[in-house]
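Hi everyone, and thanks for coming. Have a look at the sequence and the model on the screen, and then I'll walk you through a few spots.

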Amino acid sequence: MSSLQRQGTPDTSPLLSGGSAPPHASSSPLRIDRLDRIDSRSSRDFAWHPHPPPMPGSSPSTGGGFLGPRLGSSSSLGGGATGYQSIEGHGLTLSRSSSSAADVFSAGSGLLLREGEDPEGRSPRERNRRCPFVIGVAGGTASGKTTVCDKIIQRLHDQCVVMLNQDSFYRSLTEEEMQDVENYNFDSPDAFDTPALLECLEQLKAGRHCEVPTYDFTQHRRGSETRKVEPADVIILEGILVLHMQELRAHCNMLVYVDTDDDVRLARRIQRDVQHRGRDIASVIHQYTIFVKPAFDQYVAPSRRYADIIIPWQRGDNLVAIDLITQHISLKLRCHDLLRIYPNLELLPSNFQIRGMHTIIRDASSSKNDFVFYADRLNRLIVEAGLGHLPFQEKIVKTPTGHRYVGVDFTRGICGVSIIRSGEAMETALRECCQGIKLGKILVHRHGPHEEEEVIYERLPSDIAQRHVLLLDPLVGTGRTACRAVEVLLARGVQQDKILFLSMVAAPEAIHKLCGSYPGMKVLTSEIDRGLDEDCRIVPGIGEFGERYFSD
Ligand SMILES: O=P(O)(O)OC[C@H]1O[C@H](OP(=O)(O)OP(=O)(O)O)[C@H](O)[C@@H]1O
Ligand SMILES: O=c1cc[nH]c(=O)[nH]1
């Protein structure tokens, strides 16, 4: 809203009073950069699955199972950052990880797919499923990995979590190997059917169920039955070699190493194998000395260096570490819940350039020049991403080398409508992308954060009902201003599914309101903030966008 209209009501806007944005803060005390690779592109159905009774960690192997309500799967991967942080006194080390850039950005945006036109025959909703958040948990034998996983699952009780145990993917021994089982190395990477494990992981990440083998530790064989594991929000992949194997690490958004003294582990191993796996003490010690310990030294202990988080775990009570991990995951998943709930919500895939732009725009001490420069840059990306959601027509052209190129033709019949005044800051980006585009404007005024909105000005293309409309406003807090503007468009005959709302920062409240009220309209934002303060300002927010962008 223009400062002119604001005169006399300087503090009426949810975003006008209070000025500068508070420092960025999250409900998690940690910043674990690799977790920021989670991003998302759309939604899935809600469904509920009962909690099964806890399964014994012995033969036949647990294999994995439902551990919570299913909300759907989540993100694709983006970023590829490494993080390093050490938290003294919390018994938790966040360490540099070697996250590979290869596991970033699953394409999957489906931007060029028209409704019902998916090569794999998926519905638009299935197509928009996100990959789940995958946590890899490794550590030596009997280090307490299962307990750590159980604690994480307990604390993520409002999410659907499934576990995949590497143990379930032991190969069946051949007759020959069975003859000399005392001298078979169960701790070597070769003992596992890793392709089968990868296939399961890939199925789950694609939003499909998988069949996990069962393994009988007393017979050293796979059972004839498999266990069906449904897709979930979070997958915990647990096993001694999960961090050692690059192909498994590449699937994980977060790598955890459980660090327990060797003697504690040996004592636990003896107890477990004797009680649950039909062994005697002498054979357990023999196996430990000949295979388990050397394999630990060769594969498991060195894999610590890949961990994002190393948890010292002696007595099984390092709950601070568990809390820190799960708080952070919950924070990430909360944002993704919105994306699951609303198929019409899109989040601009993040990367460090975009995060850097946000950092400058959100910094209260940034200069006007910087604010405008980076807001323009970011708006350009948002507009480009928004345009990618418009329908297209195939177009074949001839290249200068005389070859055919099968491409697409841009949509005709679009226009932009900015919500005055901050929305006008996005017009530049739209004009730069679409030369000569028709632009309209709507001015919505509200006397106070809890007052009714009033449309006091509208100028729209006369043929707007025939056009696709890009509705522009960098900030949506309560979503009331935006909803009012949408009502104006609908009253002018624009169809919901021809409206694309573009914003830079949205509060969850606005997303519920906009996406819930107008399921046919697409909403694209570059970041979703934590919420609103008592004056309905976005937290952490940007402050008064219009003031910062337009004032001298
Ligand atoms: O989602 P809501 O709670 O309705 O608030 C969002 C509105 O607030 C901001 O404008 P502002 O009122 O600051 O006016 P301005 O753009 O004219 O500066 C923003 O640009 C939206 O138009
Ligand atoms: O069958 C198995 C599998 C793992 N470790 C063992 O000792 N036996």
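Let's start with a helix: how far apart should the ends of α7, residues 262–276, be, at 1.5 Å a residue? Keep in mind as we go that this is a predicted model. Helix α7 has 15 residues, so the expected span is 21 Å, and the end C-alpha atoms sit 20 Å apart, which agrees.

Now, which residues of α7 are buried? They are Arg265, Arg269, Ile270 and Asp273. Looking down the axis of α7, you find its buried residues within an arc of 135 degrees, so they line one face of the helix. Here is the textbook background: an α-helix has 3.6 residues a turn, so residues three or four places apart point the same way. On the face of α7 turned away from the buried side, you'll see Asp263 and Gln275, which are exposed. And part of what covers the buried residues is α8, residues 281–300. Just so you can find where α7 leaves off, it is followed by Gly278, which has a positive phi near 65 degrees.

Next, the inside of the protein. In soluble globular proteins, nonpolar side chains tend to be buried together. The largest nonpolar core here has 42 residues, and the ones touching the most other members are Leu164, Leu237 and Leu243. Several elements give two or more residues to this core, including the strands β5 (133–139), β6 (161–165) and β7 (210–216), and the helices α5 (194–205) and α8. The top contributor is α5, with six residues.

If you'd like one residue to click on, try Leu243. What does Leu243 contact, beyond its neighbours within four places in sequence? Its partners are Gly136, Ala138, Arg249, Leu255, Val256, Tyr257, Ser303, Tyr306 and Ala307. There is also another core, apart from the one we've just been in, with 34 residues, among them Ile382, Leu470, Ile538 and Phe545.

Now for the backbone. Most residues other than glycine have a negative phi, and most peptide bonds are trans. So where do we find cis bonds in this model? One joins Ile420 and Arg421, with omega about 5 degrees. Arg421 is in the loop between β15 (414–420) and α12 (427–433). Another cis bond runs from Val539 to Pro540, with omega near 0 degrees; Pro540 belongs to the loop between β23 (538–539) and α15 (545–550).

As for phi, two residues are worth a look. Ala142 is not a glycine, yet its phi is positive, about 55 degrees. You'll find Ala142 in the loop between β5 and α3 (145–155). Is Ala142 buried or exposed? With a relative accessible area of 14%, Ala142 is buried, because the cut-off for buried is under 20%. Cys536 also isn't a glycine and has a positive phi, about 65 degrees. Cys536 lies in the loop between β22 (531–532) and β23, and at 9% relative accessibility it counts as buried.

One last stop takes us back to where we began. Ala267 is in helix α7, and at 46% relative accessibility it counts as partly exposed. How far is the C-alpha atom of Ala267 from that of Ala142? The two are 125 residues apart along the chain, and their C-alpha atoms are separated by 8.6 Å. That's my tour, and I'm happy to take questions.

Terms used. Residues numbered from 1 in each chain as written. Chains lettered and ligands numbered in written order. Predicted model: local features only at pLDDT ≥ 70, side-chain atom pairs only at ≥ 80, totals over all residues. Heavy atoms only, no water. Helix = DSSP H or I, 4+ residues; strand = E, 2+ residues; numbered from the N terminus. Expected span 1.5 Å × (residues − 1). Buried < 20%, exposed > 50% of the residue type's maximum accessible area, 1.4 Å probe, protein only. Arc of directions from axis to C-beta. Contact = heavy atoms within 4.5 Å. Core = buried A, V, L, I, M, F, W, Y, C linked by side-chain atoms within 4.5 Å.
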